[in-house]
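Reader: Hi! I'd love a close, slow look at one part of this structure. Could you start with a single contact and then work outwards, explaining the terms as you go?

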Amino acid sequence: MTGPSALPTVDRAEGVMIVDTDGREYVDGCSGTICVNIGHGVPEVLAAISRQSQLVTFAHRSQFRNRPVEDLSALVLSIAGPGYKEVVYTNSGSEAVETALRLAMHHHAGTGRDIIVSQRPSYHGMTAGALAVSGHPPRRQNLEPLLGGAAKLELVSSSRDAEILPSLEDWLSVLQRVDPARVAAVLLEPVGGAASGGAETDDRTFRGLREFCDSAGALLIVDEVMTGFGRTGEWFGVTRSGVTPDLLATGKGLSGGYLPIGACLVGEHVMPGGSAAEVSMGHTMSGNPLAAAAALAVLTYTRDHGLVSRAREVGTRLRRELALIARSVPALRPPRGRGLHLGVGIEQDPVGFATTPLNRRIVDAALRNGLLVYPSGVDARTQSVMVCPPLTIRDREIEMLIARFTRAVSESLAAERVQGG
Ligand SMILES: Cc1ncc(COP(=O)(O)O)c(C=O)c1O
């Protein structure tokens with residue numbers, strides 16, 4: 001595995017290409033950590049950051065309203081469609097999930113509802129509250145003492161060997177067992193990222209969970225930190241199911257990696273008559289005008305350049321190319337996911353998850369070959385490599401990505417044969 005000291009030092013980046021201080025070029029085949037949705041160095045975004053930085057970079061939300069935040073909220077709410085009332089800002093996706101959890105607890109105050117039901121595998125962030133509701137054993141390792149106090153957690157797993165994610169029936173059987181009257185919220189991602197490399201929750205499951213929450217009085221929280229703002233070929237991954245969550249957590253693609261910002265979209269019924277932003281509090285930098293100006297420019301660029309439908313079209317091509325590679329390499333599974341949120345599973349890893357798993361070795365070999373891809377999975381069954389380039393990737397860059405990925409896969413398998421004798 002590549003440790004920090006062995007990593008190249010980044011110098012500059014433009015579009016889909018990153019250059020290190022030795023002048024080596026890398027194709028950014030995973031948008032950093034699946035966040036640089038519109039590519040690096042977009043002049044319109046840099047200009048917006050520069051303009052805002054000359055006006056004001058910090059003004060606390062308790063002392064001033066600020067225009068970038070107000071314009072951003074208007075745009076986010078118009079993108080999200082009906083059913084939402086407010087946007088609460090954070091500095092990261094983890095904090096957006098924490099905000100959703102806090103709001104769910106405020107919503108249910110005095111009712112005795114104390115259980116969050118989430119799935120395994122899942123990943124919702126590294127802060128203690130977000131990690132406490134994540135079905136990601138490797139990232140929870142050694143941290144369990146920090147994770148007990150957030151809420152009672154129930155994890156739903158798939159009852160079917162062939163499926164990574166639970167079915168609606170799996171969810172409902174756990175929800176009935178724990179007692180619907182104690183469930184505060186159901187939490188899930190539309191398409192898995194760090195935990196399950198592109199595994200999708202089907203629309204029927206979303207609709208069934210919406211029905212459960214409505215009838216049981218629980219809240220539905222959808223984590224769109226990785227999937228949100230176009231990555232899946234829709235503005236949000238949950239949109240296709242027709243379901244509107246009560247709380248929707250976002251981050252990453254909101255500012256495309258330009259500046260730290262996350263946001264929690266709050267449904268109309270969560271804090272009736274009150275301000276979710278006031279109730280959920282926040283952090284010093286939450287809702288600062290500079291990050292909001294960057295996000296506003298990124299979303300405007302995403303919309304004006306038709307990048308959401310582009311993710312669908314380019315994703316179809318990339319998926320086809322990855323499927324061809326997977327067909328000729330028995331160690332790889334056909335690609336999973338949607339739009340440009342794609343993951344290639346590892347079929348069989350003879351070396352195992354405990355040493356250096358094959359997905360890690362592919363990621364390392366890719367780096368040596370001038371390509372960034374992202375390792376994902378919580379165990380041998382879920383290990384995968386995510387291939388999620390910026391939505392702006394062009395044909396020529398896809399060719400480079402595929403050529404380098406093919407080389408990385410064959411080098412890591414060849415090294416395995418040498419190791420194995
Ligand atoms: C689905 C999901 N939720 C939450 C997070 C946490 O976001 P952040 O790393 O910005 O705190 C991530 C990060 O990968 C994620 O993929």
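Author: Let's begin with Asp114 and Arg182, whose side chains are joined by a polar contact of 3.1 Å (a pair of N or O atoms within 3.5 Å; inside the protein one must be able to donate a hydrogen and the other to accept it, and sequence neighbours count only through side-chain atoms on both sides). This is a predicted model, in which local features need pLDDT of at least 70 and side-chain atom pairs pLDDT 80 or more, while totals for chains, interfaces and linings use all residues. Residues are numbered from 1 along each chain as its sequence is written, and side-chain values use heavy atoms, without hydrogens and water.

Where does Asp114 sit? Look in the loop between helix 4 (93–107) and strand 5 (helices are DSSP runs of H or I with at least four residues, strands are runs of E with at least two, numbered from the N terminus). Asp114 also has a distant partner in sequence: Lys152 is 38 residues away along the chain, yet their C-alpha atoms are 6.1 Å apart in space.

Now follow the chain to the loop between strand 5 (115–119) and helix 5 (128–132), which holds Pro121. The peptide bond leading from Arg120 into Pro121 is cis, with omega near 5 degrees. Asn142 stands out in another way: its phi is near 70 degrees, a positive value in a residue that is not glycine. You will find Asn142 in the loop between helix 6 (137–140) and helix 7 (144–147). As background, most residues other than glycine have a negative phi, and most peptide bonds are trans.

Next, the ligand. Around it are Ser92, Gly93, Ser94, Tyr123, His124, Gly125, Glu189, Asp223, Val225, Met226 and Lys252, each with a heavy atom within 4 Å of it. Three of these neighbours are worth zooming in on. Ser94 places a polar side-chain atom 2.5 Å from an oxygen atom of the ligand. In Asp223, a polar side-chain atom lies 2.7 Å from a ligand nitrogen atom. Lys252 has a side-chain N or O atom at 3.1 Å from an oxygen atom of the ligand.

Finally, let's see how some helices pack. Helix 3 (residues 67–80) and helix 11 (residues 289–304) have axes 8 Å apart, at an angle of about 35 degrees (axes are lines fitted to C-alpha atoms over the stretch in contact, and angles run from 0 to 180 degrees between N-to-C directions). On the helix 3 side, Pro68, Val69, Asp71, Leu72, Leu75, Val76 and Ile79 meet helix 11 residues including Ala292, Ala295, Leu296, Leu299 and Arg303, where contact means heavy atoms within 4.5 Å.

Helix 11 has another partner too: its axis and that of helix 2 (residues 43–55) come within 9 Å and cross at roughly 155 degrees. From helix 2, the residues Glu44, Val45, Ala48, Ile49, Gln52 and Ser53 take part, and they meet helix 11 residues such as Leu290, Ala294, Ala297, Val298 and Tyr301. Pro289 and Ala293 of helix 11 touch helix 2 and are also among the residues meeting helix 3.

A further pair is helix 8 (residues 168–178) with helix 9 (residues 203–216), whose axes come within 9 Å and cross at roughly 20 degrees. Here Leu168, Glu169, Trp171, Leu172, Leu175 and Gln176 of helix 8 face Arg204, Thr205, Gly208, Leu209 and Phe212 of helix 9.
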